[in-house]
Amino acid sequence: MSRFLFCSYQRVTRKQLVVTILTSVVLFNEWLTYAASSLSWPSLHTPSDEHVRVLFAADPQILSLLSDSEPIFPLSLITIWDADRFVSRGFQMALWKTKPDIVVFLGDLLNDGSIVNDNDFNATLGHFKNLLSVPNYVKHTIFLPGDNDIGGEGNDLVTPHKINRFYAFLNQSMTLQYKFIDFIQMRVMDDFTFPDNKLPPEEGRVRILLSHMPLLTRTRERVKQKIIKQQPSFIFSGHEHESFHFTGMKEEGHAQDFQVLKDNQRVWHFESAGTLLHEIVVPTCSYRMGQVDAGYGAAVIEKSGGITYTVLWLPSRFEQLWLYVGFLVLLIVIMILPGILCLTRFFIYRPVKFCALIFLRVLRILKRS
């Protein structure tokens, strides 16, 4: 009877141990790491009262069940749900931190937008807008098309139909004037032009070029001349999934130097009114492209031309997933270890003990004889 009670007590203790470890891992992965990241994000302050706060989201690449990069159904439901949740949670945290006037999505909104039919495109883009819901206090939202949305890389060609359906669904123009800033979209994936992509330069206004692909690294002369003609004050782009800063002369339109912007809790200050042209490449906000570091770009643009910028880095989802894998391994050990010990006792310990006793008896008989 006492042995039965002892075994029952052991089973309850094991269950409590598993529940405790699981609760700790989930709380750490899904709450503590995000809370710690958001609390460590730097605040963007500016001495000027005339400024505009902008939040940049690059390459979310929202997945669909049609994606060839995902596991076979039904496992794909779990991976897509997890990737969507990571992007959506990070976006809401970034909104809470920055309270932006303008939100800019720098292209590659969808992972398969360029290759799906119109119905699937509209459905997935609607899912994107639900996931990355923009609150009412944001004055304007700008959506740029990327190569995954309208084509432009390899054999996936850009077509007027792909461009038109993107801008029609999102009700977008290629230019936006807000306060003292001119936001101008530039596409370097194609040669198609549209009536609303020209905005004459005006004295005293800050001209921000927005592009999915980095502009200052383009080697084609046509792209350089486009940049020079626009007379930009500053450039923001995405596509590379990394965090970069390119610089070059405004009259030349190409990069002469660059640096990696990877410092956590770092704030950078740039002046856009001089002869030097700066381009910030915003990192991806998703981990599904295999990128270890993901985050959102945040900037405060002053009327004087000063720009304060930082990256709101998110916790590594890969580290969190590996922690879950470690818990599963530990769970398996906890659950099967007692059984292994019982089998070891039955098949190894008892036979060895039996053989040892026989061996001792044989030795005693030999000694007597």
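**Figure 1. β12 and β13 pair as antiparallel strands.** In this predicted model, strand β12 spans residues 295–302 and pairs with β13 in the antiparallel sense. The pairing runs over 7 bridges. A298 marks one position in this ladder: A298 stands opposite T310 of β13. The hairpin of β12 and β13 has 3 residues between the strands. In that hairpin, G305 takes a positive phi near 105 degrees.

**Figure 2. Strand β13 is mostly covered.** The strand covers residues 306–313, and 8 of its 8 residues are buried. Side chains in a regular strand alternate between the two faces of the sheet. In β13, G306, T308, T310 and L312 point one way. I307, Y309, V311 and W313 point the other way. Both sets are buried.

**Figure 3. β10 pairs with β13.** Strand β10 takes in residues 267–271. The pairing of β10 and β13 is antiparallel and has 5 bridges. W268 has Y309 of β13 as its bridge partner. Y309 is buried and points the same way from β13 as I307, V311 and W313.

**Figure 4. Six strands form an open sheet.** The order is β3-β2-β1-β12-β13-β10, and the pairing is mixed. The edges are β3 (140–143) and β10, each of which pairs on one side only. On average, neighbouring strands of this sheet are turned by 20 degrees against each other, direction ignored. Strands of a sheet pair through backbone hydrogen bonds, either parallel or antiparallel. Strand β1 (residues 51–57) runs antiparallel to β12 and is joined to it by 6 bridges. Within this pair, V52 stands opposite I301 of β12.

**Figure 5. E50 and K303 form a salt bridge between two loops.** Side chains of opposite charge can pair when their charged atoms come close. For E50 and K303, the N to O distance is 3.6 Å. The pair links distant parts of the chain, 253 residues apart. E50 sits in the loop between α1 (2–40) and β1. K303 sits in the loop between β12 and β13. E50 is partly exposed, at 46% relative accessible area. K303 is also partly exposed, at 41%.

**Figure 6. R317 and D82 form a salt bridge between two helices.** The closest N and O atoms of R317 and D82 are 2.6 Å apart. R317 belongs to helix α7 (residues 317–368) and D82 to helix α2 (residues 75–98), so the salt bridge ties together parts 235 residues apart in sequence. R317 has a relative accessibility of 4%, so it counts as buried. D82 is buried too, at 8%.

**Figure 7. D182 and R205 form a salt bridge.** Their closest N and O atoms lie 2.8 Å apart. D182 is in strand β5 (residues 181–186). R205 is in the loop between β5 and β6 (206–211). The two residues are 23 residues apart, and the pair links distant parts of the chain. D182 is buried, with a relative accessible area of 1%. R205 counts as buried at 18%, because the cut-off is under 20%.

**Figure 8. Shared partners build a salt-bridge network.** The network joins E30, D82, R85, R89 and R317 through salt bridges that share partners. One of its links is the salt bridge of R317 with D82. The count for the model comes to 12 salt bridges.

Definitions and conventions: Residues are numbered from 1 along each chain as its sequence is written. This is a predicted model: local features need pLDDT of at least 70, side-chain atom pairs count only at pLDDT 80 or more; totals for chains, interfaces and linings use all residues. Side-chain values use heavy atoms; hydrogens and water are left out. Buried means under 20% relative accessible area, exposed over 50%, partly exposed in between (1.4 Å probe, protein chains only). Helices (H or I, at least four residues) and strands (E, at least two) are DSSP runs, numbered from the N terminus. Two strands pair if DSSP finds at least two bridges between them. Axes are lines fitted to C-alpha atoms, for helices over the stretch in contact, and angles run from 0 to 180 degrees between N-to-C directions. A salt bridge is a side-chain nitrogen of Lys or Arg within 4 Å of a carboxyl oxygen of Asp or Glu.
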